[in-house]
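Trainee: I would like to go through this model with you and ask, for each label, how the value earns it.

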Amino acid sequence: MKAFLHRSAFSAFSAVAVASLAWASPVAAQPLPPASEVIAKYVTAIGGKDAIMKLTSMTSTGTLEIPAMGLTATMEVYAAAPNKMATRTTIPGMGEVLNGYNGTVGWDLNPMSGPRLLADKELEQMKENAGFHDNMLYTPERFQKMETVAVTDFNGEKAYKLLMVRKGSGTQSTQYFSVATGLLLGGETSSTTQMGEMQMSQSISEYKTFDGVKVPVKLEQTAGTNKMVITTSDVKFNAVPATAFDVPAQVKPLIKP
């Protein structure tokens with residue numbers, strides 16, 4: 001629902017010497033803040049650029065739940081500047097799901113489908129997702145477009161709705177930032193997967209401060225009819241081992257010289 005509605009009030013006045021006169025008097029809508037201003041407020045809300053730039057890596061641990069399946073898995077996520085990321089998800093009765101990007105190679109290792117190298121748009125999206133400082137700062141050079149398009153309600157909170165288009169992959173997303181706090185509340189985007197394009201929505205909540213930077217510790221993600229809940233129990237900065245981004249042994253034979 002649009003937050004600002006243009007309204008017109010019509011009044012008619014009579015006078016002895018003139019005919020009735022009617023006119024519209026629209027109530028001016030408050031202009032939307034530019035996306036750069038919304039992002040700047042968000043960066044300040046999570047700790048500020050100086051605090052963010054002091055970080056070189058991050059380790060987070062927690063759980064991933066799929067309520068419809070009664071499944072709970074453990075997760076470890078590693079990230080490092082400028083653009084490295086790796087995730088290990090351990091699923092009871094199934095094994096480990098590994099995916100990552102080491103700055104050059106992107107991979108996925110799943111007990112159901114085996115080892116796989118990422119390519120094309122899927123690789124480009126993984127590269128974008130691995131941007132360590134870029135993703136916390138929403139570095140404008142990484143986007144074709146960043147525009148505030150509305151003020152709306154998101155999960156019961158008044159939010160600025162931003163339309164964003166990534167420069168590399170062309171991926172379009174909408175992100176919702178709290179008008180009151182500046183914090184990111186969630187968003188919607190499409191993601192290229194092994195099964196094709198998938199529409200995804202996220203709800204982000206329960207921010208906690210680690211080493212001077214606020215991090216959301218609860219994320220609810222919906223893709224189609226599937227819902228996942230990711231709960232982070234701990235975050236450590238600047239303590240990721242270099243081996244965290246090693247390409248898994250099963251994936252290495254797929255890399256062409």
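Trainee: Why does F177 count as buried or exposed?

Mentor: F177 has 1% relative accessibility, and buried means under 20% relative accessible area, exposed over 50% and partly exposed in between, with a 1.4 Å probe and protein chains only, so F177 counts as buried. Bear in mind that this is a predicted model, in which local features need pLDDT of at least 70 and side-chain atom pairs count only at pLDDT 80 or more, while totals for chains, interfaces and linings use all residues. Residues are numbered from 1 along each chain as its sequence is written, and side-chain values use heavy atoms, with hydrogens and water left out.

Trainee: What makes Y138 and F177 an aromatic pair, and of which kind?

Mentor: Rings of Phe, Tyr and Trp (its six-membered ring) pair if their centres lie within 6.5 Å, and planes under 30 degrees apart count as stacked, over 60 as edge-to-face and the rest as tilted. The centres of Y138 and F177 are 5.7 Å apart with 75° between the planes, and the pair is edge-to-face. This pair links distant parts of the chain, with Y138 in the loop between α4 (132-137) and β9 (143-154) and F177 in strand β11, 39 residues apart; helices (H or I, at least four residues) and strands (E, at least two) are DSSP runs numbered from the N terminus. Y138, at 12% relative accessibility, counts as buried.

Trainee: Which residues do ring pairs link into a cluster?

Mentor: The cluster consists of Y42, Y138, F143 and F177. Y42 counts as buried because its relative accessibility is 8%.

Trainee: How do you know that the charged end of R166 sits over the ring of F143?

Mentor: The criterion asks for NZ of Lys or CZ of Arg within 6 Å of the ring centre and within 35 degrees of the ring normal, and the charged end of R166 is 4.7 Å from the centre of the F143 ring. F143 also stands opposite R166 in β10.

Trainee: What makes β9 and β10 paired strands?

Mentor: Two strands pair if DSSP finds at least two bridges between them, and 10 bridges join β9 to β10 (residues 157-166), the two running antiparallel. They form a hairpin with two residues between them, and N155 in the turn has a positive phi of about 50°.

Trainee: Which residues touch the most other members of the largest nonpolar core?

Mentor: A nonpolar core is a set of buried Ala, Val, Leu, Ile, Met, Phe, Trp, Tyr and Cys residues joined through side-chain atoms within 4.5 Å. The largest has 30 residues, and those touching the most other members are I39, Y42, Y138, L162, M164, F177 and F237. The largest share of this core, seven residues, comes from α1. L162 is in contact (heavy atoms within 4.5 Å) with residues including V38, I39 and F177, leaving aside neighbours within four places in sequence. A second, separate core of eight residues includes L64, I66, L71 and V97.

Trainee: Why is Y101 called buried or exposed?

Mentor: Y101 is buried because its relative accessible area is 4%. This residue lies in strand β6 (residues 95-101), and its C-alpha atom is separated by 5.3 Å from that of M85, 16 residues apart along the chain.
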